[in-house]
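Me: Please take a close look at a single part of this model, the interface between its chains, and tell me what lies on it and around it.

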Protein chains: 2
Amino acid sequence: MSSATAPNLIAAVSQERQWDRLMQLARLGAIPGDGVNRPCLTPLDREARRLLIGWAEAIGLSVSVDPIGNLFLRHEGTDPAAAPVMTGSHMDTQPAGGRFDGIWGVVAGLEAVQAIRESGVRTTRSIEIVAWTNEEGGRFAPGCMGSMAWSGHSPADTWDAVTDNDGVTFRDALAEHRAAESDLAQRPLGPVEGGPKPYAYLEAHIEQGPRLEAEGLDIGVVSGIQGSRWFLVELRGESAHAGTAPLGMRRDAVQDMIRAVTALNALMADPEDILRFTVARIEVEPNTSNSVAEVVRFTIDFRHPDKEVLILNGDAIENTIRSAVKNCDVTVTERFHAVPVDFDTVVQDAVEDAARAQGLRSVRMPSGAFHDAQFMVPVCPTGMVFVPSHKGISHNPAEYSSPEQLAAGARVLAAALATLAG
Amino acid sequence: MSSATAPNLIAAVSQERQWDRLMQLARLGAIPGDGVNRPCLTPLDREARRLLIGWAEAIGLSVSVDPIGNLFLRHEGTDPAAAPVMTGSHMDTQPAGGRFDGIWGVVAGLEAVQAIRESGVRTTRSIEIVAWTNEEGGRFAPGCMGSMAWSGHSPADTWDAVTDNDGVTFRDALAEHRAAESDLAQRPLGPVEGGPKPYAYLEAHIEQGPRLEAEGLDIGVVSGIQGSRWFLVELRGESAHAGTAPLGMRRDAVQDMIRAVTALNALMADPEDILRFTVARIEVEPNTSNSVAEVVRFTIDFRHPDKEVLILNGDAIENTIRSAVKNCDVTVTERFHAVPVDFDTVVQDAVEDAARAQGLRSVRMPSGAFHDAQFMVPVCPTGMVFVPSHKGISHNPAEYSSPEQLAAGARVLAAALATLAG
């Protein structure tokens, strides 16, 4: 019998312990309606990390952090020199986020490793649970900074000058954060700084879409992630008095934004409703009701599973805007570009085998959301485990997966990690 | 020879002194490009008031404040019991405002009264220079709170709960402000609290429009003010994950705002370009690039000189929005409604006579901007004096009127005040 199907291991996963930990963490940054607002690199974030570290140290895991704040909890294998298996996700949330997005992948990793240790399963390879810095991009855009830096996708100083809504730079927030965690063991920034490449990376996450629930399934064996392109658009006109300036003489940045988004809606129209196009962040200057807007900045979040569509439509964004606006100067900056990725079949097989061995209903499916996992693809064999999300609601306080669904996910994760760690 | 044409009085108006005072005040809240950002009820505002008070006391004016923070500088007439003539304007600015909007009307009032006193012109009536609280509405919306409360247009506690961008209520800001000025003499809130009705009110202001400059004129004899209606629109949808939520299932508040403003643009279309329709303040929640917008709030500033158009189009705003939006709950709140007003011919004649006597070119013209003067119309004979604004630019650091233009305006104001005060 392989470790993946060992009854001891499966039985050692505790639904109650995992749920209790999630609920304890959900209190840190709790907002009305069962939501959580826990931005990265804040005192709340550090409080959540300390809670997690306490649980990890209590079962004998070793704790370390890297220069961009990624947190690692290590279970030592019988061959410490062998490339480790990694699992994990992130602990930050959207400003009006839920209790499961990200944090469950970290807690599930701990639950899986704790079950492996308590059931006496010996793994050759070490298993490292990671909590990546700033996956959400809610405080500092874009997201996935921790995994992008770690994997070598982008230099770690790429986002030094990015500011949050209070004008704090990412560099300063990170420096404050690292000072607050200077008591923890330090480690290099992954393979970029000479650290070992993992043997495999397997991330557990809620689906954040409606499919598993709608089809009555337990487990999503994630086959890959659609591509994402993020843009920041700045329209710069001229302020004027709302009562005196004739409309025909204005350079009104709000009106040019209306023109730009209307034209983008036409560009992005998709009768099949596969394409995702979102304008969700708008800043106006001076943003006072009786002064014509001088500047509008708005974001574009554009995603598609087909690389061709991602390139064609994404590259057409700037000209579409320039053709639509009448009076403003236009600046379009691409801030994030992640091509669609396919996950490794070895990792997918390990997840699918674990689900089947436990009698769970699974399906191979792509991910609509992006995840830290996509930046691990060039580094090592990578995959993900999904559990159902109620009505597909996510980035919202109403986000929900049941204790039973999350326990099933942790059991599959434990078995797959045990298989991969050998 | 009437006092309005007394050569001594005209000669006593000092172009240099007035300009120097304006430049001293412009340093308080200076922003790049010769602009000023001096919100009401702030330490900066109080610093500007203290500077003004110092100049007033130095020439023997008596200083007092009322319960909503309006500041009065009184020149005593030979008959202290006679209804006073009032002049003045406001000292607060837009967030990216200029050096002349509002503040010139206060400084010109002081210059005119100083010239009257120094030239030995005796007036029967007292002259009171007023600086009204929060005309701009930039920090607390709507504007003209000081004059609306003083004139009895609205109870003084109407705006207690209005908050600024930092969440400070108007009530708290006013309480802090009054405490900081508790050393000044206190007076009742005008006729509302039993104070005397003025004999007349005459406000000097920059035009904030292009007409006087374009037509080579020195003085605008203001015939009235177009009507204004301000609305706050809230669209409430549902947040969702930008990567997973199908567009067809979203309740995206940004997209409904695009629909609403597009429909409003059609409603407000005016080939003659007389109508003023402005959307200049937008707030989005949660305002993060990868979470579909749950809430959008935007303002509407709508103005027209014709009362019928103001009623018809203004009353159509809510239904136009409701018909346009697809997915969000809609709340439309009217926050400000000022009907078009006509100024008194007695005051207009006094201004026009003063301009003619000084050889200045004047025209009777309506005001596109609203002013505290419009709330004085039901209280006493009211009028305004305009001087040219370079290119009509206002609510902008580039706002400009020359020392010569402003001095001409102060001379006309001095002569008209002397005439009205008898």
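Reply: What follows describes the chain interface and then the domains and loops of the chains that form it.

The model is predicted, so local features need pLDDT of at least 70 and side-chain atom pairs count only at pLDDT 80 or more, whereas totals for chains, interfaces and linings use all residues. Residues are numbered from 1 along each chain as its sequence is written, chains are lettered from A and ligands numbered from 1 in the order in which they are written, and side-chain values use heavy atoms, with hydrogens and water left out.

At the interface, 58 residues of chain A are in contact (heavy atoms within 4.5 Å) with 57 residues of chain B. The two chains bury about 4800 Å² between them, 49% of it on carbon and sulfur atoms, where buried area is the accessible area (1.4 Å probe) that two parts lose on being put together, summed over both. Between chain A and chain B there are 35 residue pairs in polar contact, both residues at pLDDT 80 or more; such a contact is a pair of N or O atoms within 3.5 Å, and within protein one must be able to donate a hydrogen and the other to accept it, while residues adjacent in sequence count only if both atoms are side-chain atoms. The count of salt bridges (a side-chain nitrogen of Lys or Arg within 4 Å of a carboxyl oxygen of Asp or Glu) between these chains is 0.

On the side of chain A that touches chain B, the elements giving two or more residues are α8 (253-267), β11 (276-278), β12 (282-285) and β13 (295-304) of chain A, these being DSSP runs, helices (H or I) of at least four residues and strands (E) of at least two, numbered from the N terminus. The most comes from α8(A), with 7 residues.

Chain A is assigned domain 1 (3-224 + 340-421) and domain 2 (227-338), with bounds from an automatic or database domain assignment. Their C-alpha centres lie 34 Å apart, and the contact between them takes 13 residues from domain 1 of chain A and 15 residues from domain 2 of chain A.

The loop between β12 and β13 of chain A holds Pro286(A), and the peptide bond from Glu285(A) to Pro286(A) is cis, with omega near 0°. Asn287(A) is in the loop between β12 and β13 of chain A and has a positive phi of about 60° although it is not a glycine. At 15% relative accessibility Asn287(A) counts as buried, a class that means under 20% relative accessible area, with exposed over 50% and partly exposed in between (1.4 Å probe, protein chains only).
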